[in-house]
Amino acid sequence: MRKKILPFLSMMLVASFAVNATAQEYNFMTFKQGASLSGYETSLPIEKLKITFAGGNLLATSTAGTKTFPLNTLSQMFFTSTPTSIELEGVNSNPLIGIVGSTLTINAPAGSLARVYDASGKQLISTTTCVNGASMNLSSLAKGLYFLKVGQRTFKIMKK
């Protein structure tokens with residue numbers, strides 16, 4: 001009798017764990033480039049996602065098209081259930097940004113409008129770039145997460 005009860009109890013134990021297990025459903029692969037807090041992200045649908053490597057680049061092809069990521073700028077790849085809205089169409093594209101201390105430098109074509117928004121979407125600072133780009137003083141902003149929009153591109157920036 002003991003030999004019949006032990007397998008039965010084992011099967012019940014396994015079944016109880018199976019009932020309580022849940023699975024996450026991920027629909028996108030997000031590629032993060034740059035620093036951990038001030039980088040930018042691009043999400044692609046995982047449907048028919050194919051990742052290859054060539055010439056120091058990661059090439060990600062999905063139903064949304066093909067994106068190229070230089071390996072030396074790629075800091076993370078992760079699955080997510082929703083796509084990110086913070087993206088850049090390639091690391092060598094303009095505009096490029098840089099932050100040193102409280103100064104934000106924007107290298108974009110002359111006449112580009114650059115705006116900084118808080119997390120609620122309120123515009124806090126704006127400027128128009130000239131031939132040499134533009135810089136913004138962020139010293140008046142509290143520590144936290146902000147969004148920089150230059151043309152049609154959005155970057156997230158972290159003020160420490």
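Two strands count as paired if DSSP finds at least two bridges between them; strands are DSSP runs of E with at least two residues, numbered from the N terminus. The model is predicted, so local features need pLDDT of at least 70. Residues are numbered from 1 along each chain as its sequence is written.

**Exercise 1.** State how strands S9 and S10 pair, and place them in their sheet.

Solution.
- Step 1: Strand S9 covers residues 113–117, and five bridges link S9 to S10 in the antiparallel sense.
- Step 2: Within this pairing, Tyr-117 has Gln-123 of S10 as its bridge partner.
- Step 3: The open sheet has four strands in the order S10-S9-S12-S13, paired antiparallel.
- Step 4: S10 (123–128) and S13 (153–159) are the edge strands, each pairing on one side only.
- Step 5: From one strand to the next the twist averages 20 degrees, with axes being lines fitted to C-alpha atoms and angles running from 0 to 180 degrees between N-to-C directions.

**Exercise 2.** Describe the pairing of strand S4 with S3 and with S5.

Solution.
- Step 1: S3 (residues 50–54) runs antiparallel to S4 and is joined to S4 by five bridges; Thr-52 lies opposite Leu-59.
- Step 2: Two residues separate S3 and S4 in a hairpin, and Gly-55 in the turn has a positive phi of about 55 degrees.
- Step 3: S5 (residues 65–70) pairs with S4 over six bridges, also antiparallel, with Thr-61 opposite Thr-66.
- Step 4: S4 and S5 likewise form a hairpin with two residues between them.

**Exercise 3.** Which residues of S4 lie on the covered face, and which on the uncovered one?

Solution.
- Step 1: In a regular strand, side chains alternate between the two faces of the sheet.
- Step 2: In S4 (residues 57–62), Leu-58, Ala-60 and Ser-62 make up the covered face.
- Step 3: Asn-57, Leu-59 and Thr-61 make up the uncovered face.

Note on methods
This is a predicted model: local features need pLDDT of at least 70, side-chain atom pairs count only at pLDDT 80 or more; totals for chains, interfaces and linings use all residues. Side-chain values use heavy atoms; hydrogens and water are left out. Buried means under 20% relative accessible area, exposed over 50%, partly exposed in between (1.4 Å probe, protein chains only).
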